[in-house]
Amino acid sequence: MSLNTLLGELFSFIAAFFLALSTFKTKKNKMLIFQLADSIFNAISNLFLNSFSGFVVNIFTSIRNYLSIKEKFNKRELFFYVILILIIGIKVNNKGIVGILPIIASIEYSLFMHNSKSSQIMRIALLINLSLWLIYDFFIKSYPMFIMDLVIILITVINIIRFHNKEKASI
């Protein structure tokens, strides 16, 4: 295993840790703080793994998450975000059709994030997002991240059920 691969996997593991922690948060802003850390470490990971579309998507995702935390991510920013992700992500994509998956995942999650205040809706959007990343991580041979995607999907499903049952009990 090369040093770049090893470093890529190390940063992807750190990223996955923050993403997993985000699913336990009950407030959208708190989720986004952990997801900001996730996107920064994922960007570094993708750079080491020579995956440029993933790198670009995670850089823009970091900016989106930061603006969302500061409540400065409105419809105009969403529009520019989607356009920039599409143009730059496709331009730097070096993984073929698989390299498009992070672009789709980021746009999907951004649309849900922008249109929902509910942490539960965010968890469902995260499931869709993680499913796309799961496929991507498998094909770029980021196997530890692939395994972490599976674990986080499972954690997210458990948290969706847990928070659903909690909401049901409080009614």
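How many cavities of 30 Å³ or more does the structure hold? In this predicted model, the answer is two. A simple idea lies behind such a search: rolling a probe the size of a water molecule over the atoms shows where empty space is left.

The largest cavity has a volume of about 200 Å³. Its lining is made up of 19 residues, and those closest to the centre are D38, N58, T61, N129 and W133. Several helices take part: α2 (28-48), α3 (52-69), α5 (101-115), α6 (119-139) and α7 (143-170) each contribute at least two lining residues. Sorted by class, this lining holds seven nonpolar, eight polar and four charged residues.

The second largest cavity has a volume of about 40 Å³. Here the lining consists of S12, N42, S45, N46, W133, D137, S142 and M145. Both α2 and α6 supply at least two of these residues, and α2 gives the most, with three. By class, two of the lining residues are nonpolar, five are polar and one is charged. W133 can be followed from one cavity to the other, since this residue is listed among those closest to the centre of the largest cavity and also lines the second largest.

Helix α2 deserves a closer look. At 1.5 Å a residue, its 21 residues should span 30 Å, and its end C-alpha atoms are indeed 30 Å apart, so the two values agree. Which residues of α2 are buried? They are K28, M31, L32, Q35, L36, A37, D38, S39, N42, A43, S45 and N46. These buried residues pack against α1, α3, α5, α6 and α7. Among them is D38, already met close to the centre of the largest cavity, while N42, S45 and N46 also appear in the lining of the second largest.

Just beyond this helix comes a short stretch worth tracing in the model. N50 follows α2 and has a positive phi, near 60°. S51 then sits in the loop between α2 and α3. Is S51 buried or exposed? With a relative accessible area of 0%, S51 falls under the 20% cut-off and so counts as buried. Setting aside neighbours within four places in sequence, S51 is in contact with N46, N94, K95, Y136 and I140.

Helix α4 offers a clear example of a helix with two sides. Its 18 residues, 75-92, reach 25 Å from the first C-alpha to the last, close to the 26 Å expected at 1.5 Å a residue. The buried residues of α4 are E77, L78, Y81, V82, I85 and G89. Viewed down the helix axis, these buried residues fall within an arc of 135°, so they line one face of α4. The spacing follows a general rule: an α-helix has 3.6 residues a turn, so residues three or four places apart point the same way. The buried residues of α4 pack against α3 and α5, whereas R76, I87 and K91 are exposed on the other side.

Finally, α7 has 28 residues and reaches 40 Å between its first and last C-alpha, close to the expected 40 Å. Its buried residues are M145, M148, D149, I152, I153, I155, T156, N159, I160 and F163. The cover over them includes α1 (3-22), α2 and α6. M145, one of these buried residues, also lines the second largest cavity.

Technical notes:
Residues are numbered from 1 along each chain as its sequence is written. This is a predicted model: local features need pLDDT of at least 70, side-chain atom pairs count only at pLDDT 80 or more; totals for chains, interfaces and linings use all residues. Side-chain values use heavy atoms; hydrogens and water are left out. Helices (H or I, at least four residues) and strands (E, at least two) are DSSP runs, numbered from the N terminus. Buried means under 20% relative accessible area, exposed over 50%, partly exposed in between (1.4 Å probe, protein chains only). Contact means heavy atoms within 4.5 Å. On a 1 Å grid over the protein atoms alone, a cavity is a set of points where a 1.4 Å probe fits but cannot get out, and a pocket is an open set with protein on both sides within 12 Å along at least five of seven lines; lining residues have an atom within 4 Å of a point. Grid points are joined across faces, edges and corners, and a volume is the space filled by probe spheres set on the points. Ala, Val, Leu, Ile, Met, Phe, Trp, Tyr, Cys and Pro count as nonpolar, Asp, Glu, Lys and Arg as charged, and the others, Gly among them, as polar. The expected span of a helix is 1.5 Å times one less than its number of residues. The arc is that of the directions from the helix axis to the C-beta atoms.
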